[in-house]
Amino acid sequence: MPKECSICAEVKSSKQFPTAPIARGCDHRPTTCRPCITRVIKTELSSKPWEEVACPECGATLEYQDVQKYADAETRERHDKLMVLHTLQQYPDFIWWRAEPIVRCTSCGHLTCFQHKVTWHEGVTCEEFDEAVEARHKAENDASEETIKSTTKACPGCKSQIEKHRGW
């Protein structure tokens, strides 16, 4: 039985209309054709926050499954990406990555290395900075091993390195 779409006003086959409510929160029979629902979702996703995409008839918020059911592939992908980014932003340690690792404070102009979270290492690339840190750690570890060798001896029972603190 043909029906008229409440958005495009075209008379279409009933197969062009959803048989169930568009969103879980809807309490009406759908009067919008599937192609119009698809266009509305795409338009709303480009002009509203992803979590505010709604039924074109009653304004009930569309849930993830609703968007997946009615949106085209490109819009579903965009919706998924926006949801993931929103979720990541909820984590306090999440940081947006930039191509340039220098961040300048807008108040005082201080430069920070975004990758290392330290004052910008002027004249040294991030790779060179990593190599210098690794070399410093190796030197510190080597010095620690030398100190252990010169101030300890093997326990006669278990062979662990021990250091005499007091006693005989």
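In which loop, and between which two strands, is Lys159 found? In this predicted model, Lys159 sits in the loop that runs between β6 (153–154) and β7 (161–162), and the paragraphs below lead from the overall layout of the chain back to that residue.

The protein contains 4 helices and 7 strands, and a reader who follows the sequence from its start meets these elements in the order β-β-α-α-α-β-β-β-α-β-β. The radius of gyration is 31 Å, well over the 15 Å that the globule rule gives for 168 residues, and the protein is therefore more spread out than a compact globule. The extents of the C-alpha trace can be set beside that value, since along the principal axes the trace spans about 100 × 50 × 25 Å.

The domain assignment divides the protein into domain 1, which covers residues 3–81, and domain 2, which covers residues 91–153. When the centres of domain 1 and domain 2 are taken over C-alpha atoms, 50 Å separate them.

Burial and contacts can be considered next. Of the 168 residues in the protein, 23% count as buried, and among the contacts with a separation of 6 or more, 36% are accounted for by residues that lie 24 or more positions apart. The area that the protein exposes comes to about 12,300 Å², and carbon and sulfur atoms supply 54% of that area. As for charge, the protein carries 23 positive and 26 negative side chains, and a distance of 6 Å lies between the centres of the two sets.

The last step is to look at the backbone of two lysines. Most residues other than glycine have a negative phi, and against that background Lys117 can be noted for a positive phi, near 60 degrees. Lys117 belongs to the loop between β4 (111–113) and β5 (118–119), and its relative accessible area of 57% is over the 50% cut-off, which means that Lys117 counts as exposed.

Lys159, the residue of the opening question, likewise is not a glycine and has a positive phi, of about 75 degrees. Is Lys159 buried or exposed? With a relative accessibility of 57%, Lys159 counts as exposed, and its place in the chain is the loop between β6 (153–154) and β7 (161–162).

Note on methods. Residues numbered from 1 in each chain as written. Predicted model: local features only at pLDDT ≥ 70, side-chain atom pairs only at ≥ 80, totals over all residues. Heavy atoms only, no water. Rg over C-alpha atoms; globule rule 2.2 N^0.38 Å. Buried < 20%, exposed > 50% of the residue type's maximum accessible area, 1.4 Å probe, protein only. Contact = heavy atoms within 4.5 Å. Areas by Shrake-Rupley, 256 points an atom, 1.4 Å probe, with all protein chains shown as cover. Lys, Arg positive; Asp, Glu negative; His and termini not counted. Charge placed at Lys NZ, Arg CZ, Asp CG, Glu CD. Domains from an automatic or database assignment.
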